[in-house]
2 protein chains.
Amino acid sequence: MRSHFCGVLSTANIDETVTICGWVDRRRDHGGVIFLDMRDRQGVVQVVFDPDTEEHFQRADRVRSEYVLKITGRVRARGEGTVNPAMATGEIEILGKELEILNSAATPPFQLDEHTAVGEEVRLRYRYMDLRRQEMQERLALRSKITSGVRQFLEAEGFLDIETPILTRATPEGARDYLVPSRTHPGQFFALPQSPQLFKQLLMVAGFDRYYQVAKCFRDEDLRADRQPEFTQIDIETSFLDEAAIMDIAERMVRELFSDVLGVELPAFPSMPYAEAMERFGSDKPDLRIDMELVSVDDLMQQVDFKVFRGPADDAEGRVAALKVPGGATISRKEIDDYTKYVSIFGAKGLAWVKVNDLAAGVEGLQSPILKFMPEDVVLQMMQRLGAVNGDIVFFGADKAGIVNESLGALRLKVAEAQGLVGEGWAPLWVVDFPMFEDDGNGGLTPLHHPFTAPSCSAEELAAQPATALSRAYDMVLNGYEIGGGSVRIHQRDMQEAVFRVLEISDEEASEKFGFLLQALQYGAPPHGGLAFGLDRLVMLMCGVSSIRDVIAFPKTQTAACLMTDAPGAVNAQQLRELNIRLRQSAAESGGQEQG
Amino acid sequence: MRSHFCGVLSTANIDETVTICGWVDRRRDHGGVIFLDMRDRQGVVQVVFDPDTEEHFQRADRVRSEYVLKITGRVRARGEGTVNPAMATGEIEILGKELEILNSAATPPFQLDEHTAVGEEVRLRYRYMDLRRQEMQERLALRSKITSGVRQFLEAEGFLDIETPILTRATPEGARDYLVPSRTHPGQFFALPQSPQLFKQLLMVAGFDRYYQVAKCFRDEDLRADRQPEFTQIDIETSFLDEAAIMDIAERMVRELFSDVLGVELPAFPSMPYAEAMERFGSDKPDLRIDMELVSVDDLMQQVDFKVFRGPADDAEGRVAALKVPGGATISRKEIDDYTKYVSIFGAKGLAWVKVNDLAAGVEGLQSPILKFMPEDVVLQMMQRLGAVNGDIVFFGADKAGIVNESLGALRLKVAEAQGLVGEGWAPLWVVDFPMFEDDGNGGLTPLHHPFTAPSCSAEELAAQPATALSRAYDMVLNGYEIGGGSVRIHQRDMQEAVFRVLEISDEEASEKFGFLLQALQYGAPPHGGLAFGLDRLVMLMCGVSSIRDVIAFPKTQTAACLMTDAPGAVNAQQLRELNIRLRQSAAESGGQEQG
């Protein structure tokens with residue numbers, strides 16, 4: 001129907017007769033003439049109808065915002081004073097000759113240029129309207145371009161795009177699995193995959209050598225700040241490569257993506273052991289744009305009597321650390337109180353601080369509620385170690401190391417944000433040498449990644465010292481976000497069984513849950529490993545937005561609902577009967593506690 | 001780890017020292033020397049270990065089929081008599097120097113070269129073994145290439161890859177929907193999409209103009225011969241294009257795919273109205289490689305007394321048609337009996353036939369149980385109309401037109417297959433001008449495609465004559481398979497409501513089920529349309545195989561089960577409780593009939 005997209009017209013088209021199709025972005029009457037800003041996927045162009053074209057002028061007079069029109073007219077330069085440099089097509093306009101109303105539009109639920117005023121709920125309910133906004137159009141176009149770039153890169157590297165099932169095996173205790181009742185197998189269920197992990201490993205056992213997939217994954221959990229029940233993963237697996245080679249492919253992919261899509265040349269990707277990241281940044285995904293580090297002062301605090309610090313300093317599992325905020329002496333008591341509340345979320349029992357007003361005056365020049373508990377030389381030694389200068393504030397954490405790291409790590413981000421201490425640009429990073437396991441809180445161990453991750457030691461060493469064993473896992477971090485992660489996998493059955501033993505998974509349970517994997521490992525599984533990127537988050541970062549909902553066409557809310565289609569919804573008794581399930585009555589309905 | 005893939009080595013590599021990684025395809029001892037055929041994704045190469053490399057020779061002596069090895073050695077030309085022209089690498093071999101066993105392998109559940117003997121069930125259970133077969137490797141590689149080709153074509157045409165949700169709205173009466181109980185919304189369910197139809201239409205309303213997605217779709221139905229509960233669709237939607245323009249894009253895509261991937265230049269795509277396809281081939285997806293047509297003989301049969309033919313010939317809804325099979329006079333009585341049984345599946349009450357032995361002898365030269373019921377001139381007129389020659393057989397169908405078309409249409413395929421009458425090559429076709437609706441068997445009408453398909457008439461005409469209204473739908477047919485189909489959609493609310501009225505969907509029901517669509521149509525929906533290709537079937541055809549299971553990495557069985565992972569499976573009571581559902585007890589367990 002069209003000869004050109006609206007947004008691509010320019011002075012190069014002057015005197016051409018063009019036909020455009022699109023939406024009325026704005027309509028104005030001015031001096032007996034009608035101006036229509038016509039919008040399509042590529043942008044906006046101004047069309048002018050004057051009364052000479054009587055029939056079409058009258059139609060133009062009838063149209064309103066968001067009407068769908070087809071317009072034919074002649075492109076002409078705008079007059080001297082009417083050029084609009086803010087508009088890509090601002091040097092020209094179309095003198096409308098013919099106008100066809102392809103569809104009318106009721107008054108929109110909200111004006112597109114007032115979307116911030118209406119709140120996200122209204123925008124999600126009328127998502128097809130919200131998506132008309134130019135920035136949403138651009139974001140989804142960028143997402144498409146990023147996905148396409150990923151595919152091209154990986155295919156050029158010999159990766160095959162292989163689809164794995166969405167209807168997969170449900171496992172007992174599969175917490176967070178979405179379940180799908182089977183009609184043909186009464187009482188049994190499929191699960192939607194949290195990732196294609198086992199399938200991609202089996203593809204390696206099958207000899208495909210290099211697999212990738214842009215894969216939908218599902219997790220039924222209480223949705224934290226920015227999670228979605230369904231999300232998209234760039235899923236990669238390779239055979240016969242070690243971690244260095246796999247990380248090299250992943251790094252080149254991200255580098256090429258930033259270069260091709262954003263024109264950004266990423267800096268080098270440093271590699272940092274997990275232990276160092278926790279020690280220096282209190283996080284396994286440190287934002288290196290922030291020039292602030294946690295500094296251990298345990299040795300100094302072992303010399304003081306102040307119990308709050310001395311206790312953790314003497315405790316092998318404790319830590320006392322300081323976080324210096326440059327220029328932070330201006331932070332108010334009120335703000336400090338807020339930060340104290342904030343770190344309590346992570347288990348910190350308080351937030352000690354020292355403001356550095358005048359270092360030349362010694363401890364007299366420091367302001368703090370805790371100085372009175374410490375010898376002067378310890379305080380000054382500490383200031384020296386921190387490289388503190390006048391105008392800084394220093395925060396302290398003293399507790400079990402985990403609590404100190406988590407609370408100061410989180411505080412580091414929050415303060416940096418508030419104080420404008422987050423640097424510009426892109427700070428990528430590999431975090432490596434993760435522990436195999438972490439404390440499960442019940443005296444046992446749980447995998448830090450997943451139980452298919454290869455350890456960097458032998459099966460015997462793993463069995464002897466599981467708590468300190470390291471894995472061959474690696475996470476790619478960008479600006480404080482984990483954008484990808486993976487590992488070399490276990491490819492030998494005895495090692496896999498050794499890991500299951502550490503996890504106290506019985507042979508019977510292992511065989512019930514992962515029998516097909518164990519079996520596959522004994523029929524000639526190649527060494528293999530891979531990783532997965534969170535596409536939504538990667539696109540979010542590349543779009544410069546702060547929510548993944550802004551880069552998903554039809555996202556769900558934090559209660560996992562779609563406001564536009566009103567999903568989930570009710571189904572009828574017949575459907576449930578066919579699926580061999582029934583609803584549990586609520587406690588209220590049944591008048592008492594429901595039995596399991 | 002490797003320097004080369006096994007399958008790519010050639011005389012160009014002679015005297016190079018190479019390292020390969022892969023699986024032992026075959027191991028032979030011969031004259032004190034060990035021959036290993038090493039296999040990877042790219043093919044097979046022969047490695048020779050002689051006793052000079054003592055340590056490695058001993059290792060080579062230990063390896064068995066499907067062991068995973070890393071081998072370094074020197075490429076050399078094979079000796080005169082030992083060149084193997086059947087093998088891509090048959091002119092060379094590797095003289096092994098070093099051998100590392102990366103993983104051992106238990107005796108495989110079946111030998112890869114004996115896969116046909118073990119049956120599909122064993123192969124599905126050990127799918128990771130079955131996928132090691134070279135033809136499975138090639139098929140999935142071809143699938144990846146086809147998907148990639150589709151993406152590249154569509155992206156070059158300005159289509160954006162946009163993901164639509166998998167967790168979508170469940171609707172009451174959504175037969176064949178897979179349902180997913182919601183944890184956060186007790187008693188409510190998501191449905192897995194049978195297609196992204198409504199979402200892609202909403203993307204057009206949102207102004208994306210050209211959308212595509214390689215989309216997973218789901219259908220919970222008794223799996224006929226070759227269906228899968230989850231399947232993949234190349235899903236396409238465009239705005240501001242009419243059917244001719246949409247069909248042009250689709251046709252160019254398929255043409256380019258065949259050219260790029262198979263090196264095949266497809267012939268022209270003729271366009272055939274649905275009515276003509278049914279009349280001539282008894283099918284809306286005729287296989288044009290078969291040079292046989294249904295020929296109507298109603299006018300002739302109105303002249304005979306033979307009730308079986310005369311009745312349908314006189315009935316406005318009846319049809320009497322003949323199918324001439326060239327050279328079919330050799331078909332035995334036993335075969336005719338089998339065909340008679342076959343057409344009865346489609347409701348035919350019998351299968352009359354005439355063998356043409358000697359036309360010159362008039363009716364005397366014809367052999368048939370029904371000739372005695374017909375005047376000679378009618379029989380001869382009929383033979384003339386059919387262009388029958390000696391050696392042919394003619395089959396007849398006489399019943400309601402639907403039954404005649406379906407049974408003779410199916411017979412046409414079956415007989416052509418059996419008689420070797422299916423031509424070579426590719427026969428593409430567009431079928432157009434479908435009816436909007438078909439009889440739902442209960443005196444009502446049901447959409448032939450789906451209720452969002454635009455009619456080619458006005459809303460008033462539709463309301464007046466719904467049964468004869470045609471739609472703006474089109475199906476792409478290839479060699480008797482519908483590989484794609486679509487339509488121009490309804491983009492105006494009043495037309496959509498008119499269709500719902502024909503379907504006897506009340507305003508309330510329409511609003512409950514499709515309220516968001518109706519609402520979207522009134523806020524400026526552009527004219528739009530699109531289509532969807534069944535990727536599995538397209539790949540199946542392009543691979544030259546007869547089951548889509550052969551082009552899916554991890555397919556399900558006809559009872560929708562995965563034999564490898566043993567899905568679906570049981571879940572525990574706690575999981576069900578969290579999802580607010582419980583299992584229905586079976587009638588046996590509860591000792592009686594279960595209430596709805």
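# Sheets, helices and symmetry of a predicted two-chain model

User: In what order do the eight strands of the open sheet in chain A stand?

Analyst: This is a predicted model, in which local features need pLDDT of at least 70, side-chain atom pairs count only at pLDDT 80 or more, and totals for chains, interfaces and linings use all residues; side-chain values use heavy atoms, without hydrogens and water. Residues are numbered from 1 along each chain as its sequence is written, with chains lettered from A and ligands numbered from 1 in the order in which they are written. Strands (DSSP E, at least two residues) and helices (H or I, at least four) are numbered from the N terminus, and two strands pair if DSSP finds at least two bridges between them. The pairing in this sheet of chain A is mixed, and the order is β6-β10-β11-β23-β22-β21-β18-β12.

User: Which residue of β18(A) is the bridge partner of A:Pro273?

Analyst: Strand β12 (271-273) of chain A is an edge strand, as is β6 (160-161), and each pairs on one side only. Three bridges join β12(A) to β18(A) (residues 428-432), and the two run parallel. Within β18(A), A:Pro273 has as its bridge partner A:Val432.

User: At about what angle does helix α5 of chain A run to β11(A)?

Analyst: Helix α5(A) (residues 197-205) lies across three strands, β10 (210-218), β11 (230-239) and β23 (528-534) of chain A. Its angle to β11(A) is about 25°.

User: How is α4(A) set relative to α6(A)?

Analyst: The axes of α4(A) (residues 134-156) and α6(A) (residues 243-262) come within 10 Å and cross at roughly 135°. Axes are lines fitted to C-alpha atoms, for helices over the stretch in contact (heavy atoms within 4.5 Å), with angles from 0 to 180 degrees between N-to-C directions. Angles under 35 degrees count as roughly parallel, over 145 as roughly antiparallel, 65 to 115 as roughly perpendicular and the rest as oblique. The crossing angle therefore makes α4(A) to α6(A) oblique.

User: Which strands of chain B stand at the edges of its three-stranded sheet?

Analyst: The open sheet of chain B has the order β7-β9-β8, with antiparallel pairing. β7 (168-169) and β8 (179-181) each have a single partner strand, so one side of each lacks a neighbour; the edge strands of this sheet are β7(B) and β8(B).

User: What axis relates chain B to chain A?

Analyst: A turn of 180° and a shift of 0.0 Å along the axis lay chain B on chain A with an RMSD of 0.0 Å, by least squares on C-alpha atoms of residues with pLDDT of at least 70 in both. This relation is that of a two-fold axis.
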